[in-house]
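Me: I have a model open and some terms to sort out. Can we go through them briskly, one at a time?

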Amino acid sequence: MKFVLLFGPQAVGKMTVGQELSKITQLKLLHNHMTIDLLEPFFGFEPEMWQLSTKFREEIFNAFAKSDKYGMIFTYVWAFDQQEDWDFVEKVSAIFDAQGAEIFFVELEADLDERIARNKTANRLEHKPTKRDTASSEKEMLGSNKRFRLNSDENEIAAEHYLRINNTGINPKEVAVLIKEHFNL
């Protein structure tokens with residue numbers, strides 16, 4: 001079993017890279033908006049939605065980690081200055097680690113101008129209904145960028161299997177190949 005945590009700020013390309021990585025490996029993709037967009041129509045962006053989203057993800061992780069599947073990619077916006085995000089990553093890692101999975105951390109970073117442009121791509125809007133109001137989505141992205149630290153500091157990630165990629169101007173297929181080759185997936 002392999003677990004790839006693909007993380008970085010909003011619109012950095014996590015889902016798209018995950019889609020491409022899934023195509024060239026046997027890894028299944030659970031992008032973070034699969035639970036968010038399921039629950040948002042019922043609860044909006046209220047605490048109940050976030051609590052249920054976390055519960056759904058944890059149940060999916062527990063069941064998947066016990067399966068005979070090759071592995072999973074999960075995308076996540078990790079706020080490094082928020083302890084609850086560190087706790088979530090630790091909990092998810094522990095779920096897979098308890099089942100003997102190899103855990104891979106892949107951090108994406110891109111220039112803000114690139115992320116603003118990616119916020120409006122057809123693929124993003126097709127797969128993430130809550131991002132279709134691009135003005136609101138951009139406002140949230142810019143606000144989060146000011147409120148939180150969404151990329152790690154140098155040497156902050158102490159994982160055995162860690163890769164950081166600045167994917168500004170790099171095709172998602174190329175990024176997926178880099179990840180696959182680096183970790184021999």
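Me: What makes strand 4 and strand 5 (residues 162-166) a pair?
Reply: This is a predicted model. Five bridges join strand 4 to strand 5. Pairing needs at least two bridges. The two strands therefore count as paired, and they run parallel. One of the partnerships is glutamate 109 with asparagine 166 in strand 5.

Me: How do you know that strand 1 (residues 2-7) pairs with strand 4?
Reply: Use the cut-off of at least two bridges again. Strand 1 and strand 4 share six bridges, in the parallel sense. Valine 4 stands opposite phenylalanine 104 in strand 4.

Me: Why is strand 4 (residues 102-109) called largely enclosed?
Reply: Buried means under 20% relative accessible area. Six of the eight residues of strand 4 are buried, so the rest of the structure largely encloses this strand.

Me: Why are helix 1 and helix 8 called oblique to each other?
Reply: The axes of helix 1 (residues 14-24) and helix 8 (residues 172-183) cross at roughly 60°. Roughly parallel needs an angle under 35 degrees, and roughly perpendicular needs 65 to 115. The angle fits neither class, so helix 1 and helix 8 are oblique. Their axes come within 8 Å, and the crossing is right-handed.

Me: What makes residues of helix 1 and helix 8 count as meeting?
Reply: Contact means heavy atoms within 4.5 Å. Among the residues that meet are Val17 and Leu21 in helix 1, and Val175 and Ile179 in helix 8. By class, this contact has eight nonpolar, one polar and three charged residues.

Definitions and conventions:
Residues numbered from 1 in each chain as written. Predicted model: local features only at pLDDT ≥ 70, side-chain atom pairs only at ≥ 80, totals over all residues. Heavy atoms only, no water. Buried < 20%, exposed > 50% of the residue type's maximum accessible area, 1.4 Å probe, protein only. Helix = DSSP H or I, 4+ residues; strand = E, 2+ residues; numbered from the N terminus. Axes fitted to C-alpha atoms, helices over the stretch in contact; angles between N-to-C directions. Parallel < 35°, antiparallel > 145°, perpendicular 65-115°, else oblique. Left-handed = near helix turned anticlockwise from the far one by under 90°. Nonpolar A, V, L, I, M, F, W, Y, C, P; charged D, E, K, R; others polar.
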